[in-house]
Structures are given as C-alpha cells and as structure tokens.
Amino acid sequence: MKKVEAIIKPFKLEDVREALSEAGIQGLTVTEVTGYGRQKGHTETYRGAEYTVDFLPKVKLEVVLSDEHAERCIEIIQQKALTGKIGDGKIFLTTVERAIRIRTGEENEDAI
C-alpha cells in the first residue's frame, strides 16, 4: 500500500477531487494548511500599513491506496493541480505498512 500526500493550491481542490473520483480513487482526506517554499510569501497592505504574509494558504490531500493505483493517482494530481506558476505544490509518496478499519477490524487492502 502507498500513501500519496499532495500540497496544492486551494482553488484546485475540486478539480483534483473530481478527477480522482472519476478514476475510482476514494477515501480522500483534506486538510487546510499554510506554508511556504520557493514562493516565499508576499506583501499586503491593510488600512495603510504594509505587512508581510510569510505563510500562504494551501490544501493537503492524503490518499492511501494499493500499489498499482498510486502512479495513476499521482498523474491525476499533477495534471489537475498544475497552473504553471510558482507555488503549484508538491506530491509525496510513502509506503504504508499496515491499515486497519476501526469498525470491522479489516486490515490492509481490505481496510482501504
């Protein structure tokens, strides 16, 4: 099993979710996060005072799926989250050793 974590721009979430759903990928967890990378931050003005926004709003997606579906999931996220501008995000792929469905006690592939 694999875990795909993606940090993307918030306005791209619905496009990514729809495409994953159409591909039969279910069980998506979404978290609103903030952070920065090469994009750094930006300067804003509020009531005449200028200030720096260091952390930018992003969305973190987490999906645990079978090994054979992981690459397709990554392809979909790459295609649908792409704007071509700095700050499009990152995708991380890790191995999941064990998964357990709390309600039934099912494990691993049966649990996802």
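Here is a short chat about the predicted model above.

Tutor: Residues are numbered from 1 along each chain as its sequence is written, and side-chain values use heavy atoms, with hydrogens and water left out. As the model is predicted, local features need pLDDT of at least 70 and side-chain atom pairs pLDDT 80 or more, while totals for chains, interfaces and linings use all residues.

Student: In what pattern do the helices and strands of the protein chain follow each other?

Tutor: Let's take DSSP runs, with helices as H or I of at least four residues and strands as E of at least two, numbered from the N terminus. That gives two helices and six strands. Along the sequence, the pattern reads β-α-β-β-β-β-α-β.

Student: What share of the 112 residues is buried?

Tutor: Buried means under 20% relative accessible area, using a 1.4 Å probe and protein chains only. By that cut-off, the share in the protein chain is 29%.

Student: Which element gives the largest share of the largest nonpolar core?

Tutor: Such a core is a set of buried Ala, Val, Leu, Ile, Met, Phe, Trp, Tyr and Cys residues joined through side-chain atoms within 4.5 Å. This one has 17 residues, and Ile77 is among those touching the most other members. Elements giving two or more residues are β1 (2-8), α1 (13-22), β5 (56-65) and α2 (67-81). The largest share, six residues, comes from α2.

Student: And which residues does isoleucine 77 touch?

Tutor: Contact means heavy atoms within 4.5 Å. Leaving out residues up to four places away in sequence, isoleucine 77 touches Val4, Ala6, Ile8, Val16, Leu20 and Ile91.

Note on methods:
Buried < 20%, exposed > 50% of the residue type's maximum accessible area, 1.4 Å probe, protein only.
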